[in-house]
Amino acid sequence: MFTIDKYSRVPIYEQIIEQVEMHIALGDLAPESLLPSVRSLSVELSVNPNTLQKAYAELERRGLCYSVPGNGRFISPGAPEALRASRQALLRDVAEKTGQLAQAGIPLSDIVSAVTRAYNEAKQGGAT
């Protein structure tokens, strides 16, 4: 379910977070689904357990999962909605910045080029 690119500029814990978010968004990880344990995933991916613990802690901080001592970590009941709300907030930020750029007289073609460049760099692991 999870894969990592050890040669990517994106830290491994962020790759795990992105993949969990993607699987939640796609519905592959439904609310109350059990996440793989830190120990099993560290063996499967050959990754330090502390790295995975960091990713899981961040997912909990974002409200996307919760832990039950002795039973593991589960996708939060409101995770899909929380993820959608977070993404909508990011899009509102882009819209606000776009408005500011337009008011500053920057041509739409320059704005689109800058957004496209930043998007492509982020997808390649060289986020700006």
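In what follows, helices and strands are DSSP runs, a helix being H or I over at least four residues and a strand being E over at least two, numbered from the N terminus. With that convention in place, I shall begin with a loop residue, S76, which is found between strand 2, residues 72-75, and helix 4. Please bear in mind throughout that this is a predicted model.

Is S76 buried or exposed? Its relative accessibility is 9%, and because the limit for a buried residue is under 20%, S76 counts as buried. As for its surroundings, leaving out residues up to four places away in sequence, S76 touches P31, G63, L64, C65 and Y66.

Let me turn to the charged side chains. How many salt bridges does the structure hold? There are five, and I shall discuss several of them individually.

I start with E58. Its side chain meets that of R61 in a salt bridge, with an N to O distance of 2.7 Å. The two residues sit three residues apart in helix 3, residues 49-61, so about one helical turn separates them. The accessibilities of these two partners deserve a remark. E58 has a relative accessibility of 18% and counts as buried, whereas R61, at 61%, counts as exposed. The pair therefore joins a residue below the 20% limit to one above the 50% limit.

E58 also forms a salt bridge with R62, and here the closest N and O atoms are 2.8 Å apart. R62 has a relative accessible area of 36%, which makes it partly exposed.

Next, helix 4, which spans residues 79-103. Here the side chains of R84 and E81 meet in a salt bridge, at 3.6 Å from N to O. For a computational chemist, the cut-off matters at this point: the pair counts because a side-chain nitrogen of Lys or Arg has to lie within 4 Å of a carboxyl oxygen of Asp or Glu. R84 and E81 are three residues apart in this helix, and so they are separated by about one helical turn. E81 is partly exposed, with a relative accessible area of 44%. Some of the salt bridges share partners, and in this way E21, E58, R61 and R62 are joined into one network.

That network brings us to E21. Where is E21 placed? It belongs to helix 1, residues 12-26. At 14% relative accessibility, E21 counts as buried. When its neighbours within four places in sequence are set aside, E21 is in contact with R62, L64, L83 and R87.

Helix 1 also holds I12. With a relative accessibility of 24%, I12 counts as partly exposed. I12 and L52 are 40 residues apart along the chain, and their C-alpha atoms are separated by 8.2 Å. Not counting residues up to four places away in sequence, I12 touches I4, K6, V47 and T51.

I now come to the packing of helix 2, residues 38-45, against helix 3. How do their axes lie? They come within 9 Å of each other and cross at roughly 125°. That angle makes helix 2 oblique to helix 3, because it falls outside the 65 to 115 degree range for roughly perpendicular and is not over 145, the limit for roughly antiparallel. The crossing of helix 2 past helix 3 is right-handed. Which residues make the contact? Helix 2 contributes V38, L41 and S42, while helix 3 contributes P49, L52, Q53 and Y56. Sorted by class, this contact has five nonpolar residues, two polar ones and no charged ones. L52, which we met a moment ago in its separation from I12, is thus one of the contact residues of helix 3.

Finally, two backbone angles. E32 has a positive phi of about 75°, although it is not a glycine. E32 is placed in the loop between helix 1 and helix 2, and it is partly exposed, with a relative accessible area of 42%. S46 likewise has a positive phi, near 55°, and is a residue other than glycine. Its place is in the loop between helix 2 and helix 3. S46 is exposed, its relative accessible area being 54%.

To close, I return to the network: E21, E58, R61 and R62 are linked through shared salt-bridge partners, and of these residues E21 and E58 count as buried. Thank you for your attention.

Terms used. Residues are numbered from 1 along each chain as its sequence is written. This is a predicted model: local features need pLDDT of at least 70, side-chain atom pairs count only at pLDDT 80 or more; totals for chains, interfaces and linings use all residues. Side-chain values use heavy atoms; hydrogens and water are left out. Buried means under 20% relative accessible area, exposed over 50%, partly exposed in between (1.4 Å probe, protein chains only). Axes are lines fitted to C-alpha atoms, for helices over the stretch in contact, and angles run from 0 to 180 degrees between N-to-C directions. Angles under 35 degrees count as roughly parallel, over 145 as roughly antiparallel, 65 to 115 as roughly perpendicular and the rest as oblique. A crossing is left-handed if the near helix is turned anticlockwise from the far one by less than a right angle, and right-handed if clockwise. Contact means heavy atoms within 4.5 Å. Ala, Val, Leu, Ile, Met, Phe, Trp, Tyr, Cys and Pro count as nonpolar, Asp, Glu, Lys and Arg as charged, and the others, Gly among them, as polar.
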